[in-house]
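Reader: I'm new to this one and would like a walk through it. Can we take it in small steps, with a reason for each answer?

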Amino acid sequence: MSGQGLTGLPQWSRRLVAVGVLAWCLITVFPLYWVVVTAFKTPPGVVGGPTYLPFIDFTPTLQPFIDLYQGIRGEFFRTFLNSTIVGLSAAAIATAIGAMAAYALVRFEFKVRLGAGLVFFLLALGGYLLFNATFGFTRSQALLLAFPIALIAAVVANRLPLPGPILGNEDILFWFVSQRMFPPIVTAFALYLLYSEIGRLGFQLIDSYVGLTLCYVAFSLPIVVWLMRDFFEAIPIEVEEAAMVDNVPSWRIFIGIVVPMSMNGLLATFMITLAFVWNEFLFALFLTNSRWQTLPILVAGQNSQRGDEWWAISAAALVAIVPMMIMAGLLSRMMRSGLLLGAIK
Amino acid sequence: MMRNDPIKHVFIWPAVLVVLAISIFPLIYSLTTSFLSYRLIPPIPPRVVWLGNYATLLQEPRFWSALFTTTLIAFIAVGLQYAIGFGVALALNARVPGERLFRVALLLPMLLAPVAVALVARMMFNPTMGPLNQFLSKFGLVNLPFLTNGHWALACIIAVEVWQWTPFVILMMLAGLQTLPEDVYEAAELENASAWQQFWGITFPMMLPISAAVVFIRLIESYKIMDTVFVMTGGGPGVDTETLTLFAYQEGFKKFNLGYTSALSFLFLIAITIIGVTYLALLRPHLEKRR
């Protein structure tokens, strides 16, 4: 691997490259160092101008963290708990059902008629308009009625010899991944309206555990399916074929053989999904307001609430950042085995 | 070998159902809403205006300025990310001394919450108490209006985007570089090709498909930018740094102008689709020629 690009260079330019990388590394690390240091400063230590070294430039204090824990600047403890609960469960559910779907797309053959897809879309849209405008249902009732009807009609239509192209596994995969391309504001806002209408039917989804988790599961699925497909494709099929000769049912092959063999991939996917949910801002902004508020919302609110109290803001930012720093360390270990290599092909 | 077993439906349906329910349904809902004149505050009963919302939006200068700002941020930031990221990846791949140490540090920023990163950026860019101000004042540049002047604020947001997402480019390009065959380089060595020639003749063309994918992903993601701007400038000063998502948030969540916001988000979707399709169409001839 040494032949690429640098061996032709003389010694001095090798050094130049090393200095360049080192410079970028410093740019990357310095802001992080700055938050850590600032979080241990006293208010006068911050206002008095930039200081850099603890014990030499300034005397460190734990006061910002004590304030944080006592809830002086918002209920950090509960918000941290919210983020953890929602993050872990959304990542676990998304990894589980996403991995199942990815496995199905790798090992089983699917045929979906484009016609059936159109039937679904037209019936859902038309049924919704019809129920809402003609029969006088509310908007959410109309949607909830149109959904199963359109779905059943589409499944039936898929059996009929409709004209038009037949879509295979690759197309289904593309459909999954293309969900990620949508600007989230399109769905976030609509989801907010939909949730509040369902709330009027007596089932609260806004600012609830179920509503938030469900939304995060849906938006993590594209990544999960995309990543897991590559891991499953890398598994030699002979093992599964041997099990099939012994008449082991497919679900036991999946749970007993495939899942243990791709544990590394599942773990990495879980962590990437967790990071995504943990850091997510837009959906949490729309879908929560008090009880199930997550960390990014509380952290974002810090500077508008009290102005530039950098010592406290640093401590708050640190609470949101540190769990992900730990994960970065874990992930980079896995990365060494060329883990994400398959994902970009 | 593809199996055909009815159990496949059990495997795939949970994921399909969740995605259908949570992302397709709101889409239908907001598509129909975008044809209505519908406000919650002050409450007006919904009225069908067909393309009225879209027409109003296309004449609204604030929409065009938001689209322009978003495009500017996305293109400049992704360009810089690609240039720096590719460079660092090449260096790491060539086993620059201390390469192991760099890896964790280089990976960090992309895993951190953009909201927290933006707060840190506000500290760094603080015109009186920030370390950057102290550094620049040594060169005689004191109290620069980092976040209070439109152009400076835009530059700062781009800088933060580059800081946070270059690691993603490094990661992907590094993975790509490691798949390149070595014998081509050995042949080039025999021909006495210089490092510069090797890069433009071999490395760059062979990395083109991966580059295209990485730039595409980053471009699409950059268009969604919201949290960084929300915390750093709130769209200000004035509306100088307002992006599309932020504009939609202001209209939808502050004014509860439902029909208008739905139309706005669909225009956004159309804009992203146009950009994505154009990008792929422009690149396709290059990608196929190299195969």
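Author: Happy to. Let's settle one term: a salt bridge here is a side-chain nitrogen of Lys or Arg within 4 Å of a carboxyl oxygen of Asp or Glu. Keep in mind as well that this is a predicted model.

Reader: Okay, so which residue forms a salt bridge with B:Glu242, and how far apart are the closest N and O atoms?

Author: The rule asks for a Lys or Arg nitrogen within 4 Å of the carboxyl oxygen. B:Glu242 sits in the loop between helix H10 (227-232) and helix H11 (244-254) of chain B, and its partner is in helix H3 (residues 61-93), 180 residues apart. That partner is B:Arg62, with the closest N and O atoms 2.9 Å apart.

Reader: Is B:Glu242 buried or exposed?

Author: Buried means under 20% relative accessible area. B:Glu242 has 3%, so the residue counts as buried.

Reader: And which other residue does B:Arg62 meet in a salt bridge?

Author: Look in helix H11 of chain B, 189 residues from B:Arg62. The residue there is buried, at 5% relative accessibility, while B:Arg62 is partly exposed at 23%. The N to O distance of this pair is 4.0 Å, and the partner is B:Glu251.

Reader: Over in chain A, why are A:Glu233 and A:Arg229 separated by about one helical turn?

Author: Their side chains meet in a salt bridge, 4.0 Å from N to O. A:Glu233 is partly exposed at 45%, and A:Arg229 is buried at 14%. The turn comes out that way because the two are four residues apart in one helix, namely H9 (residues 209-233) of chain A.

Reader: How many salt bridges are there over all chains, and how many between chain A and chain B?

Author: By this rule the count over all chains comes to 10. Between chain A and chain B, the side chains of B:Glu221 and A:Arg180 meet at 3.5 Å, N to O. The count between those two chains is one.

Reader: Which helix gives the most to the side of chain A that touches chain B?

Author: The contact takes 113 residues from chain A and 105 residues from chain B. On the chain A side, the top contributor gives 16 residues, and that is H1(A).

Reader: What is the area buried between chain A and chain B?

Author: The size of an interface is often given as the accessible area lost when the parts come together. Here carbon and sulfur atoms give 78% of that area. The total is about 10400 Å².

Reader: Which residues of chain B does A:Tyr103 touch?

Author: A:Tyr103 is found in helix H4 (residues 76-107) of chain A and is buried, with a relative accessible area of 1%. Among its contacts within chain A are A:Phe108, A:Phe232 and A:Glu240. A:Glu240, in helix H10 (residues 237-245), also touches B:Arg3. From chain B, A:Tyr103 touches B:Arg3 and B:Phe11.

Reader: Where is B:Thr203, and which side chain does its own side chain make a polar contact with?

Author: B:Thr203 is found in helix H9 (residues 195-223) of chain B. With 4% relative accessibility, B:Thr203 counts as buried, and its contacts include B:Leu90, B:Leu177 and B:Leu180. The polar contact spans 2.7 Å, and the side chain on the other end belongs to B:Tyr185.

Reader: What is the phi of B:Trp50?

Author: B:Trp50 lies in the loop between strand E2 (44-48) and helix H2 (52-58) of chain B and is exposed, with a relative accessible area of 62%. Its phi is positive although B:Trp50 is not a glycine, at about 50 degrees.

Reader: Last one: which residues join A:Val29 in a nonpolar patch on the surface?

Author: A:Val29 lies in helix H1 (residues 11-38) of chain A. Patch members need over 30% relative accessible area, and A:Val29, at 34%, counts as partly exposed. The patch has about 360 Å² of accessible area together, and the residues that join A:Val29 are A:Tyr33, A:Leu53 and A:Ile56.

Notes
Residues numbered from 1 in each chain as written. Chains lettered and ligands numbered in written order. Predicted model: local features only at pLDDT ≥ 70, side-chain atom pairs only at ≥ 80, totals over all residues. Heavy atoms only, no water. Patch = residues over 30% accessible without salt bridge, like charges linked within 9 Å, V, L, I, M, F, W, Y side chains within 5 Å. Areas by Shrake-Rupley, 256 points an atom, 1.4 Å probe, with all protein chains shown as cover. Buried < 20%, exposed > 50% of the residue type's maximum accessible area, 1.4 Å probe, protein only. Contact = heavy atoms within 4.5 Å. Buried area = accessible area lost by both parts, 1.4 Å probe. Polar contact = N/O pair within 3.5 Å; in protein donor to acceptor, adjacent residues only side chain to side chain. Lists of a residue's contacts leave out its neighbours within four places in sequence.
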